[in-house]
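User: I'd like to go through some of the labels attached to this structure and the reasoning behind each. Could you take me through them?

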Amino acid sequence: QTIPGTLFLFNPTGNIAIQVTADYKTYTLTATAENGTISPASTTIQMHGFATLTVTPSTNYKWNKKFTVDGATGSVTPIGNLLISNPSKNVTVTATCDRIIYSLSLGGTNVSFAPSPTQIAAGATLAITCYATTGYDKPQSITVTNCEYDWKYLTGVLTLYNPTGDVTVTINATPHSYSITPAIINGTASGANFIQTGKTVALTIAANEGYNLPDAVTTTNARGLWNKTTGTLTISNPTANVI
């Protein structure tokens, strides 16, 4: 074979029979993976043959069966391997792994969030600020599922990190408590000494001996409903400490 593909015959001694069995062509196969590894990364593949590749995603990534093949046919086996077959030239394979994304649900009562994302990526960290509705306080404890977190109730900053699944956050603000300070001249008051947002309480006012109950009572920072007959002051809708 001084010339490739050429058979030289010499010194015949009888009738000659020649049988040639051709081999399949062999091509190189080069494989790479984005955000992961693929094995083997380099091998050979014969025409009409096949090669099986294993894709391993990097941490926080998954392989969604996304790949490109140049020079052959590619498919995914039932167990998740990449099967390359029927090459027509040297083959190039690229598999792409995607970042794992989990859903994020932010909820609760009498609160709002900024920003208000609906997703969190595996390995990511999110900082979210929680705001309580006017008249309510942020709670000291909250509920978070499938994620590690740090909650600072004084500033309302919630930090989420290392999610392991779809994440749910529940923050329920609590009604704010306001003090009630009676300023009674020639009389006394008894009853509630604080009131919470959304609540209604009552004071009973009694006149000192020799005095009558007033026709009106002034209530500051809340709504006051005065009943002179019973001496009852009903207080509701507080906006600050009540006098």
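Analyst: Happy to! Let's begin with Asp70: its relative accessibility is 41%, and because partly exposed covers the range between 20% and 50%, Asp70 counts as partly exposed. Please keep in mind that this is a predicted model.

User: What makes the contact between Asp70 and Lys89 a salt bridge?

Analyst: The N to O distance between the two side chains is 3.5 Å. The cut-off is 4 Å between a Lys or Arg side-chain nitrogen and an Asp or Glu carboxyl oxygen, so the pair qualifies as a salt bridge. Asp70 belongs to strand E5, while Lys89 sits in the loop between E7 and E8, so parts 19 residues apart in sequence are tied together. Lys89 is partly exposed, at 40% relative accessibility.

User: Why is the link between Asp98 and Lys66 called both a polar contact and a salt bridge?

Analyst: Their side chains come to 3.2 Å, N to O. A polar contact needs N or O atoms within 3.5 Å, and a salt bridge needs them within 4 Å, so 3.2 Å satisfies both distance limits. The partners are 32 residues apart, with Asp98 in strand E8 and Lys66 in strand E5. Besides Lys66, the contacts of Asp98 include Asn60, Tyr61, Lys62 and Asn64.

User: Is Asp215 buried or exposed, and what about its partner Lys228?

Analyst: Asp215 has a relative accessible area of 64%; exposed means over 50%, so Asp215 is exposed. Lys228, at 40%, is partly exposed. Their closest N and O atoms are 2.6 Å apart, and they form a salt bridge.

User: How do you know that E4 and E7 pair?

Analyst: Pairing takes at least two bridges, and E4 and E7 have four, in the antiparallel sense. Ala51 stands opposite Ile84 in E7. E6 and E7 also pair over four antiparallel bridges, with Val76 opposite Leu82.

User: Why are E2 and E6 called edge strands?

Analyst: The open sheet has the order E2-E4-E7-E6. E2 and E6 each have a single partner strand, so one side of each is left without a neighbour in the sheet.

User: Which residues have the most contacts inside the largest nonpolar core?

Analyst: They are Leu104, Ile120, Leu160, Val169 and Ile171, in a core of 22 residues. Leu104 touches Ile120, Leu160 and Val169, among others. Core members must be buried, under 20% relative accessible area, and joined through side-chain atoms within 4.5 Å. A second, separate core has 16 residues, including Leu29, Leu53, Val55 and Trp63.

Definitions and conventions
Residues numbered from 1 in each chain as written. Predicted model: local features only at pLDDT ≥ 70, side-chain atom pairs only at ≥ 80, totals over all residues. Heavy atoms only, no water. Helix = DSSP H or I, 4+ residues; strand = E, 2+ residues; numbered from the N terminus. Buried < 20%, exposed > 50% of the residue type's maximum accessible area, 1.4 Å probe, protein only. Contact = heavy atoms within 4.5 Å. Lists of a residue's contacts leave out its neighbours within four places in sequence.
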